[in-house]
Amino acid sequence: MSYDPATFAPLTFHDAVPGFIAGTDTPRAYLERCLETIAAREPVVKAWVTLNEEGARAAADAATARYKAGRALSSIDGMPIGIKDVFQTRDMPTEQGTPLFKGVQTKADTACVLALRQAGAVVLGKTVTTELGMSHPGPTTNPFDAEHTPGGSSSGSAAVIGARMVPAAIGTQVVGSVIRPAGFCANTAIKPTFGALHRGERLGFSQSHIGVHAGDLADMWAVTYEIAMRSGGDPGHPGLFGELAPRPAAKPRALIVMESEGWAQTDSTTMGAFEKILAKLSDSGVTILRRKDSPLIEKFEQAIGISLALCRDICGYELRWTLENLIERFGSGLSDSMMSRLDLAKSMTIDDYRLALNLREEARRAFEAIAGLADGLISLSSVGPAPRMDNGLKDSGVTHTTGLPSFNAATSVLGSPAITLPLLAVGGLPVGVQVIGQQHGDAALTGTAAWIRANIPAVSV
C-alpha cells in the first residue's frame, strides 16, 4: 500500500477511552480489533517474534472491569502495546534478535515493562529487533512496501504502528534505532532525554535510550509519561520532566536546521520536500536559522560532524565484553556484521575510548552554546525513504542495511530529546521530520511538535 499522509489514519488509543468510560466500547473489544489487524497483516509485515494472546485477553478483561467500576489505573489502562525483543518479559521469551537466545525465558520484567503493567497496559507481544539491537536485520518488512526495510534496530516496533496493529510500542536507540525506523513507518515517536526512562538491562551502553513509537503525539507522550512516573529514570538521573498531557501547541520563535552528516547523503527529492517544510515554517513566521547564520551554529555542526564514528567507537567498545562472552559460550552464531563491529572494538585502546568520550562532551557543550538562539532544532529523520531490503549500505566501516543513521547519530551523541513527525511522503513511502530540544526539554518539545503538526501540512513528492 502506498503511503499518503493526507489519507493515512494511524491507530490511536486516547480517543477510544471515552467509549470505555461510557460503556459503548471496551479494552477487550479494542484488543480484538488489534488482533484482527495482526492476523491480516502479519504474514507479510512479520513484525512480531512472540504474541501472548491469552495473557493479553486476560489483561484486557481486567482493564474492562476497571473501567466499568470507574477505577482505571492510568491514561493507558487497557492499551495494547508491543515490546522490542531486547527487553525482558516475565511471560514471553527474550531472544534479542539472535538464534543464540532462542526460547530464552528470564521470567522477569524489565523496568519499563513492569511500569506498563502497573499502569494497566496490555503487553501483547515482543516485536522484532535486529541482532542484539545493532545492524543485522530480522525478517520485518516495511508496512507500506514489503520490498523495503522498516528500519532498525526497532524494526518491529516501528512496523506495528505503521501497519495499525497496535497504538504504541517500545523501542530503543543507541545510534538511530527509534527515530529512523519511526520515520520510515509513518510513526510519531520520541527518543527522550538520555536517562529519562529507566533502561533496565540496557544500562551497559552509555548512550542507549528507551523510545516510544505511537500513532500520534497524545499516545506517544502518555506512554512515555506513565512509564516515567513508575520506573523513573536511569540510576543517577532525575527522569522525565513534564505533565500527563503533552504541552499545548506552542509556535516556536526560531528553529535551527541541523545538517549533521546526513545533509550530504540526502537525495535531492527528499531534500526538496524538506525545504518545502522549512519554507512553510518561514511563511508562518518561524525564523529558520542555518549554519551560516551564526558562528556558534557552525561550531556546533563541526562538533557533531563525526557523530557516526563516535557512535561506532563508543558503542563498539562498550559492547565488546558482551560479544566476547557470547563467542566464548557459543563459539559462533553471530553475524558477519556483528563480528566486524567486534573487530573494530578490539582494535581500540582505552585511550581511544577516552578520546571518543571527550569528543562527545565537546559536542554536548557546543549544543548547549546554541540554546539561546532558537527554541529547538529541526532536521530530517533519515536521508530519504526506506531503502530496499537487499541494499548494501555502509558508513564508518559498519553495514547499515536498515538505513543510514546519519541524521540520528548526533542526537544520540548529544543525549537530547527528539520527536519525529510523519510530515513527508517520497515516492509513496514515509519520511519523518524531527524536532530536537535541549536535555530535559522533552515536555516543551511536545508543544513545538504539536504546533508543527497542526499548522504545517505534510508534503508529498
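Leu 132 sits in the loop between strand E3 and helix H5 of this predicted model, where helices (H or I, at least four residues) and strands (E, at least two) are DSSP runs, numbered from the N terminus. Leu 132 has a positive phi of about 55° although it is not a glycine, and at 5% relative accessibility it counts as buried, a word that stands for under 20% relative accessible area, with exposed meaning over 50% and partly exposed in between (1.4 Å probe, protein chains only). Most residues other than glycine have a negative phi, and most peptide bonds are trans. Ser 153 is found in the loop between strand E3 (122-127) and H5 as well, and the peptide bond that leads from Gly 152 to Ser 153 is cis, with omega near 5°.

Residues are numbered from 1 along each chain as its sequence is written. Because the model is predicted, local features need pLDDT of at least 70 and side-chain atom pairs count only at pLDDT 80 or more, while totals for chains, interfaces and linings use all residues, and side-chain values use heavy atoms, with hydrogens and water left out.

The table lists residues with a positive phi.

| Residue | Phi | Place |
|---|---|---|
| Leu 132 | about 55° | loop between E3 and H5 |
| Gln 96 | near 55° | loop between strand E2 (80-84) and helix H4 (111-118) |
| Arg 164 | about 60° | just after H5 |

Gln 96, with a relative accessible area of 21%, is partly exposed. Helix H5 (residues 155-162) has eight of its eight residues buried, so the helix is largely enclosed by the rest of the structure; among these buried residues are Ser 155, Ala 158 and Ile 161.

The domain assignment of the protein chain gives domain 1 (14-231) and domain 2 (254-416 + 431-460), bounds that come from an automatic or database domain assignment. The C-alpha centres of the two domains lie 23 Å apart, and 43 residues of domain 1 are in contact, that is, have heavy atoms within 4.5 Å, with 53 residues of domain 2.

What lies between these domains? A nonpolar core is a set of buried Ala, Val, Leu, Ile, Met, Phe, Trp, Tyr and Cys residues joined through side-chain atoms within 4.5 Å, and the largest one has 70 residues, those with the most contacts inside it being Ile 170, Val 223 and Leu 281. Helix H7 (residues 217-231) gives the largest share of this core, eight residues. Domain 1 and domain 2 both contribute residues to the core, so it lies between them. Not counting residues up to four places away in sequence, Val 223 touches Ile 76, Met 79, Ile 81, Leu 116, Ala 168, Ile 170 and Val 212. Another core, of 45 residues, lies apart from the largest, and Val 175, Ile 314, Ala 363 and Ala 418 are among its members.

A search of the whole structure finds zero disulfides, a disulfide being a pair of cysteine sulfur atoms within 2.5 Å. For Cys 34, the nearest cysteine sulfur is that of Cys 185, 17 Å away. Cys 34 is buried at 2% relative accessibility, and Cys 185 is buried too, with a relative accessible area of 0%.

Glu 275 lies in helix H8 (residues 268-283) and, at 26% relative accessibility, counts as partly exposed. Leaving out residues up to four places away in sequence, Glu 275 touches Trp 263 and Arg 290.
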